[in-house]
Amino acid sequence: MKKVLIVDDEYLVRLGLRTSFHWALHGFEIVGEASNGEEALRVFDQTDPDILLTDIRMPVMDGIQLIEILKARKPQLYVVILSNHDDFSYARRAIQLGASQYILKSELKEETILSALQLASESIVGAPSRHPRDNRLDQHIRNYLLSGGAIPDFPTDALRQLEDGDYAALSCRCDTSSLLDETQASFHKACLAMLQDVDPRARIISAETDHVLRVLLLSRLQSANALAQLRDHMRLAISNLRQYYEIEFRAGVSAVHRPQELAQLIAEADEALDLCFFGTENCCVWSPAERQIHVHVAHRKLGALIEAKDWPALKHEIEQLFDQLRACRSMSAAESCYIDLLSLARQTAYANVLLGESFIQEKKINYRSCRSLDHIDEMQVYIMDLFRSMLNLISGRGKRYSSIVSRTIAFIQNNYSRTISLGEAAEDACVSKSYLSLLFKQETGINFSKYLMDYRIDRAKQLLSQSAMHIYEIAEQVGFPNPYYFSKVFKEYTGKSCKEYRDQHNAPT
């Protein structure tokens, strides 16, 4: 396994390199990263890499100085330069100092990187390969993450895969339903790469089902303050995920235990993760649970208020119920109340001729949707919208969509001609992005990105058939700055080129 050190001051470049392909499958291991030459010197001393992938222009210490110093320390170090078109004079100087190859950043893709690495590998005396990690324990944990059931009793032979020492577990979760299907896999890889930064030595197991990504990190603590550092690094990773991908990622950190107590580690991490549902933190640390309070849903009282069409009184009762849930901070209590309230909504719909099965289908009343909600506030807004829509329909004032989804559709219709995002629409509707994603898909049957794209293509069809505008003008009018990309998407959607569609509909030329 050849060891690689990556040095670049742009975080996204480093992230892109890490996630371009499965490095280990090709015989390479990324042993460190740095954002400048000075930092790279420290990492080099700790990791002794075989291959250096480095940018040239960087702050503090640039790539030229770095290559000069490292080649003096380790003459057999293989150096690959990452450069831009206008850096050729620097690249030439780096090659004079001992660099073997350079890659233009505009050509950073899997085949280019692999080609450079394979040339490097052929020039290096082979490093001893490592034995692959026994993954029996990983599989037990992955099965648990996928099933969502009880934590299993881990076999003794699987637990022996963990070295002796103090451990902490981090249970992580995020809803990826707001991402387009074609970007799910790349996000998953980037997410795991960011989590590897939390603790490069951690055992990381992930599983994704129903657009919910679950990850468990098992970290062997090396010092007394390692738990606090782990928490701080996780908070930084969560912040980066929010910044770069507009994804709300949450994590729970367990207390410290020995490896034989793995089930307890996972249970505490899961409980800490549930605490995020009730507070403002995206990373919570486990603490002993307070006395659980049973929260009761008064079916008869709520049913009577629905029958009386008394929205103010019904709203007040629901608000009180959620105040109790916030006080007890119990995920099981919140899930139980949520299911009880959905059950009441279903019973009311079946019993009312103005609602019936169509209301249940349109509102996507699904007991499993609880885990798609990221916060108690989102759960309350969803329940409020559900029962308000129900009373509006019973009273003859019903609308097809809730006020939030209706406002979002209006936002799309008013802003589709420019670049807009789910986050911007959520801000306009005064709700969180993850909640809007859930509600929008439940009510319309498709996610925000698909609805926006469908609307843009529909408007493009109108303009193609009813105007003499040029293709590039139509592309810009419907929110595509690049007319070539617009033409590609239009043909994928309709099966016809823009010209074929226009000719078929006899538009003026």
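Contact here means heavy atoms within 4.5 Å. These exercises work through a predicted model, in which local features need pLDDT of at least 70, side-chain atom pairs count only at pLDDT 80 or more, and totals for chains, interfaces and linings use all residues. Residues are numbered from 1 along each chain as its sequence is written, and side-chain values use heavy atoms, leaving out hydrogens and water.

**Exercise 1. Ser-434**

Work out which residues Ser-434 is in contact with, leaving aside neighbours within four places in sequence.

*Solution.*
- Start with the address: Ser-434 sits in helix α18, residues 433-444. Helices are DSSP runs (H or I, at least four residues), numbered from the N terminus.
- Next, its cover. Ser-434 has 10% relative accessibility, so it counts as buried. The cut-offs are under 20% relative accessible area for buried, over 50% for exposed and partly exposed in between, with a 1.4 Å probe and protein chains only.
- Now set the close-in-sequence neighbours aside, and you're left with Asp-374 and Glu-378.

**Exercise 2. How sure is the predictor?**

Find which element has the lowest mean pLDDT and which has the highest.

*Solution.*
- pLDDT is the predictor's confidence in each residue, from 0 to 100.
- For the whole chain the mean is 82, with 88% of residues at 70 or more.
- Going element by element, helix α4 (residues 88-96) comes out lowest at 62, and helix α10 (residues 262-275) highest at 93.
- Have a look at residues 126-132 too: pLDDT stays under 50 there, and the model has 7 contacts beyond four places in sequence for this stretch.

**Exercise 3. α11 against α12**

Describe how the axes of α11 and α12 cross.

*Solution.*
- The axes of α11 (residues 299-307) and α12 (residues 311-328) come within 8 Å and cross at roughly 155°. Axes are lines fitted to C-alpha atoms, for helices over the stretch in contact, with angles from 0 to 180 degrees between N-to-C directions.
- That makes α11 and α12 roughly antiparallel, a label for angles over 145 degrees.
- The crossing is left-handed, meaning that the near helix is turned anticlockwise from the far one by less than a right angle.
- On the α11 side you'll find Lys-301, Leu-302, Leu-305 and Ile-306, which meet Ala-313, Leu-314 and Glu-317 of α12.
- Sorted by class, this contact has 5 nonpolar, no polar and 2 charged residues.

**Exercise 4. α12 against α15**

Work out how the axes of α12 and α15 cross, and which residues make the contact.

*Solution.*
- Helix α15 covers residues 376-394; its axis and that of α12 come within 11 Å and cross at roughly 160°.
- α12 and α15 are therefore roughly antiparallel.
- This crossing is right-handed.
- The contact residues include Trp-311, Phe-322 and Arg-326 of α12, and Ile-376, Phe-387 and Leu-391 of α15.
- The class split is 11 nonpolar, 1 polar and 5 charged.

**Exercise 5. Ile-306**

Is Ile-306 buried or exposed, and what does it touch?

*Solution.*
- Ile-306 belongs to helix α11.
- Its relative accessible area is 4%, so Ile-306 is buried.
- Not counting residues up to four places away in sequence, Ile-306 touches Leu-314, Leu-344, Thr-348, Phe-387, Met-390, Leu-391 and Ile-394.
- Take Phe-387 from that list: it is 81 residues from Ile-306 along the chain, yet their C-alpha atoms are 8.4 Å apart.

Definitions and conventions
Helix = DSSP H or I, 4+ residues; strand = E, 2+ residues; numbered from the N terminus. Parallel < 35°, antiparallel > 145°, perpendicular 65-115°, else oblique. Nonpolar A, V, L, I, M, F, W, Y, C, P; charged D, E, K, R; others polar.
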